[in-house]
Amino acid sequence: MRINFFLTITFLLCLNAIKSLAQEATKPNFVLIVADDLGYADLGFTGSRQIYTPNIDRLAKQGVNCLQGYVSSSVSSPSRAGFITGKNQVSFGHDNNIGGSQLGFDPDFLGLPLTEVTIADRLKELGYATGLIGKWHLGDEPHFHPLKRGFDEFWGYTGGGHDYFRDLPEGKGYLSPIECNYKTPQAITYITDDKGDECVDFIKRHKENPFFLFASFNAPHAPMQATEADLELYTHIKDEKRRTYCAMIHRLDVNVGRILDTIEKEDLDENTLIVFISDNGGPVSDNGSINAPYNGQKGTLLEGGIRVPFLMKWSGRLPAGKIYSYPVISLDFAPTFMYEASGAVANEYDFDGVNLIPYLTGENILPPHASLNWRFTISAAIRDGDWKLIRLPDRLPMLYNLVDDISEQDDVAIENMERTKSMLKDLGSWDIRQPHPVFLEGPIWRANQVSLYDRKYQLEQPQ
Ligand code: CA
């Protein structure tokens, strides 16, 4: 009797162990590839006739291309605060870019608020190996460090950008030394290649267990620096800044290709969800980017600031070469990863995003979002169906119908006064319920933001 009892218990324990091993083996890997300040128009699959990006295009061919893919801010730090938590960053006061502490603000709060939980924290808890390669930009103070925000491994820098060719042992800002917690970091060759090396290495080292890799490239963010060999490929482009930009994207594409190749070679393809976005639109005069056909640029809530190349590929789950047309947002990544890793998403997580998989497979045919809201320094915007309203302090609100007017050229607020009023009401009702920002940027940025709306932008692809 007693022996039988022990045998039964042992059998059940073994069964459980096998079951949890099987679950472990089927947990998907997540690879989040983020480009920095990339212009919408500047990839093969978004229509570039100047820049050849066969690897990023391959992701588009093998995955889902979300035509109306948004980020939650038009500059880097708040955009990252949004997608790393799955919550609109305005809801926890991370509205603004990290740009030095302002009078009356506590510099201890100059980073992703410690009240927030990152997707790395959540996946780590589920047994994932978590790695950040590259740019952080969610706080320089030690308490904001990525190793304290859910990442097991970090190779990179905590600031908003970096020199492509060098770092200095005592360097600050773009020359800060590369940090790494799993080895003595190698000397920088060309930083996009070095990040590619580290991503490949991370995947190989963790291929036996579920992993989350945040491949955080700084290309093609300034400083404008490319290798001689890559510049040679674009000598036909006369403008030096644009030529350098093209060369920087070429190198980004090569390294995205190395990540994709590694996932294929290691036979992880069927079980790995790969995401590609830019953290915000291209800043046209800073790096020579083009956001055509979208108006505006980085820093504006026009489409050129927030609508980005947005690809999701998962050979085992998502259709290849599908175009998805409803609006989606980078806030959807965290709930998507969480759902696919754990089979459920607790309401208490308060995600503003949704699990995109059933929408992208066609299982759910409804739009994933009823409306989307943005707030950044002096600007705010709301997307509701085909309509978008932008509110600025120095003019009447602007209303665009994005189906008729993809380039936001015809402000139809006056002609549609009832719609303008109701969207302004919805936007304002959301806005006044948000907390104060926990840090600000210098006041000059408010004037800078407004002036970006008065410029003319290139709305067609260059030859
Ligand atoms: Ca950026």
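**Exercise 1.** At roughly what angle do the axes of H2 and helix H7 (residues 240-265) cross, and within what distance do they come?

*Solution.* The model is predicted: local features need pLDDT of at least 70, side-chain atom pairs count only at pLDDT 80 or more, and totals for chains, interfaces and linings use all residues. Residues are numbered from 1 along each chain as its sequence is written, and side-chain values use heavy atoms, with hydrogens and water left out.

Step 1. Helices (H or I, at least four residues) and strands (E, at least two) are DSSP runs, numbered from the N terminus. Axes are lines fitted to C-alpha atoms, for helices over the stretch in contact, and angles run from 0 to 180 degrees between N-to-C directions.

Step 2. The axes of H2 and H7 come within 7 Å and cross at roughly 50°.

Step 3. H2 and H7 are therefore oblique to each other (under 35 degrees is roughly parallel, over 145 roughly antiparallel, 65 to 115 roughly perpendicular, the rest oblique).

Step 4. Contact means heavy atoms within 4.5 Å. On the H2 side the residues include Ile-56, Arg-58 and Leu-59, and on the H7 side Val-256, Leu-260 and Glu-264 are among them.

**Exercise 2.** State which strands lie at the edges of the sheet and where H2 packs.

*Solution.*

Step 1. The open sheet has nine strands with mixed pairing, in the order S6-S5-S4-S7-S1-S8-S9-S2-S10. Two strands pair if DSSP finds at least two bridges between them.

Step 2. Strand S6 (179-180) and strand S10 (322-324) are the edge strands, each pairing on one side only.

Step 3. S8 pairs with strand S9 (residues 310-313) in the antiparallel sense, over four bridges. Phe-276 has Leu-311 in S9 as its bridge partner.

Step 4. H2 packs on the sheet and touches S8 and S9, its direction making about 65° with that of S9.

**Exercise 3.** Which residues coordinate the calcium ion, and why does the pair Asp-36 and Asn-280 tie together distant parts of the sequence?

*Solution.*

Step 1. Donors are N, O and S atoms within 2.8 Å of the metal (3.2 Å for Na, K and Ca); water is not among the atoms, so sites may look incomplete.

Step 2. Asp-36, Asp-37, Asp-279 and Asn-280 coordinate the calcium ion at 2.2 to 2.6 Å.

Step 3. Asp-36 lies in the loop between strand S1 (29-35) and helix H2 (54-62), and Asn-280 in the loop between strand S8 (272-278) and helix H8 (284-287), so the pair joins parts 244 residues apart in sequence.

Step 4. Asp-36 is buried, at 0% relative accessibility (buried is under 20% relative accessible area, exposed over 50%, partly exposed in between; 1.4 Å probe, protein chains only). Asn-280 is buried at 0%.
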